[in-house]
Amino acid sequence: MINDLQLWRALKAGDKKALAAIYQQEVDALFKYGCQVTLDQALVEDSIQDLFVELWKNRATLGDTDAIRQYLLVALRRKIIRQIKQGVNRTERHLKVVDVNAHTAAVDEVLMEVEETESQQKSVSKALSLLSERQREILYLRYFEEMDYKHIAAVLGINYQSVRNTASAGMKALRKLLGILFLFFLQ
């Protein structure tokens with residue numbers, strides 16, 4: 001199995017198959033992450049395409065990396081933010097609430113279990129929407145992309161301790177909000 005460094009070096013050497021492999025391996029994660037940065041899915045898709053075109057055009061000048069996903073997440077985030085600042089589409093953009101409804105129940109589950117799950121998912125979605133943009137982004141990277149704090153700090157361009165503090169505050173707020181929402185739904 002080829003590792004990230006070997007795949008990256010193959011891309012830098014002009015191997016189109018390496019570019020295709022990186023794209024296939026990372027496009028879903030990039031899209032999901034991009035949708036955490038902006039609601040504009042078309043902007044996310046365009047930014048991903050532009051990113052890969054630029055990778056190919058600039059392949060000879062790229063530095064080495066043994067963490068392709070982290071490299072691409074950082075590059076995509078910067079590209080999207082740059083596009084937003086340039087006002088590509090002047091409509092208001094917000095962080096998207098994590099789509100916790102993506103996991104569907106098996107067909108043979110009992111209707112009560114499905115309703116209970118939907119209720120819990122709505123509660124989590126509602127609670128997540130009440131967190132700050134930065135807290136949502138860090139929690140998404142931590143629990144959905146399964147990145148460690150060091151890598152999150154590198155992706156967001158902030159220091160390690162800020163990531164830890166924000167994640168802790170976000171989880172504390174989430175637990176509090178879920179407790180409040182739980183009590184609200186019982187009434």
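Is T38 buried or exposed? T38 is buried, because its relative accessible area is 0% and the term applies under 20%. The residue is placed in the loop that joins helix 2 to helix 3, the latter covering 41–57. From this position the side chain of T38 reaches the backbone nitrogen of D40, at 3.2 Å. These values, like those that follow, come from a predicted model.

The overall composition gives the setting for this loop. The protein contains eight helices and zero strands, and the order of its elements from the N terminus is accordingly α-α-α-α-α-α-α-α. Of its 187 residues, 37% count as buried. Among contacts with a separation of 6 or more, 70% are accounted for by residues 24 or more positions apart.

Helix 2, which spans residues 16–37, is a suitable place to begin with the packing. Its contact with helix 4 (residues 68–86) has an angle of about 45°, and the two axes are 10 Å apart. Why are helix 2 and helix 4 described as oblique to each other? An angle of about 45° is neither under 35 degrees nor over 145, and it is outside the range of 65 to 115, so the pair falls into the oblique class. The crossing of these two helices is right-handed. On the side of helix 2, the contact involves I22, Q25, E26, A29, L30, Y33, G34 and V37; on the side of helix 4, the partners are I68, R69, L72, L73, L76, R77, I80 and I81. Sorted by class, this contact comprises eleven nonpolar, two polar and three charged residues.

Helix 2 also packs with helix 6, which is formed by residues 133–143. Here the axes come within 10 Å and cross at roughly 165°. That angle is over 145 degrees, and therefore helix 2 and helix 6 are roughly antiparallel to each other. Helix 2 passes helix 6 in a right-handed crossing. The residues that meet are K32, Y33, Q36 and V37 from helix 2 and E137, Y140 and L141 from helix 6. By class they divide into four nonpolar, one polar and two charged. Two residues of helix 2, Y33 and V37, take part in the contact with helix 4 and in the contact with helix 6.

Helix 4 leads onward to helix 7 (residues 149–156). Their axes come within 8 Å and cross at roughly 35°, and the crossing is right-handed. Q70, L73, V74 and R77 in helix 4 meet H151, A154, V155 and L156 in helix 7. This contact divides into five nonpolar residues, two polar and one charged. L73 and R77 appear here on the side of helix 4, and both are also listed in the contact of helix 4 with helix 2.

Which side chain makes a polar contact with the side chain of Q70? The partner is H151, at 3.2 Å. Q70 lies in helix 4 and is buried, because its relative accessible area is 18% and the limit for that class is under 20%. Leaving aside residues up to four places away in sequence, Q70 touches H151, A154 and V155. These three residues are among those through which helix 7 meets helix 4.

Two further residues extend the picture to helix 3 and helix 5. Q49 is found in helix 3 and counts as partly exposed, with 40% relative accessibility. Its C-alpha atom is separated by 9.4 Å from that of V27, although Q49 and V27 are 22 residues apart along the chain. S125 is located in helix 5, which runs over residues 111–129. With a relative accessible area of 16%, S125 is buried. The C-alpha atoms of S125 and L178 are 9.8 Å apart in space, while 53 residues separate them in sequence.

Methods:
Residues numbered from 1 in each chain as written. Predicted model: local features only at pLDDT ≥ 70, side-chain atom pairs only at ≥ 80, totals over all residues. Heavy atoms only, no water. Axes fitted to C-alpha atoms, helices over the stretch in contact; angles between N-to-C directions. Helix = DSSP H or I, 4+ residues; strand = E, 2+ residues; numbered from the N terminus. Left-handed = near helix turned anticlockwise from the far one by under 90°. Contact = heavy atoms within 4.5 Å. Nonpolar A, V, L, I, M, F, W, Y, C, P; charged D, E, K, R; others polar. Buried < 20%, exposed > 50% of the residue type's maximum accessible area, 1.4 Å probe, protein only. Polar contact = N/O pair within 3.5 Å; in protein donor to acceptor, adjacent residues only side chain to side chain.
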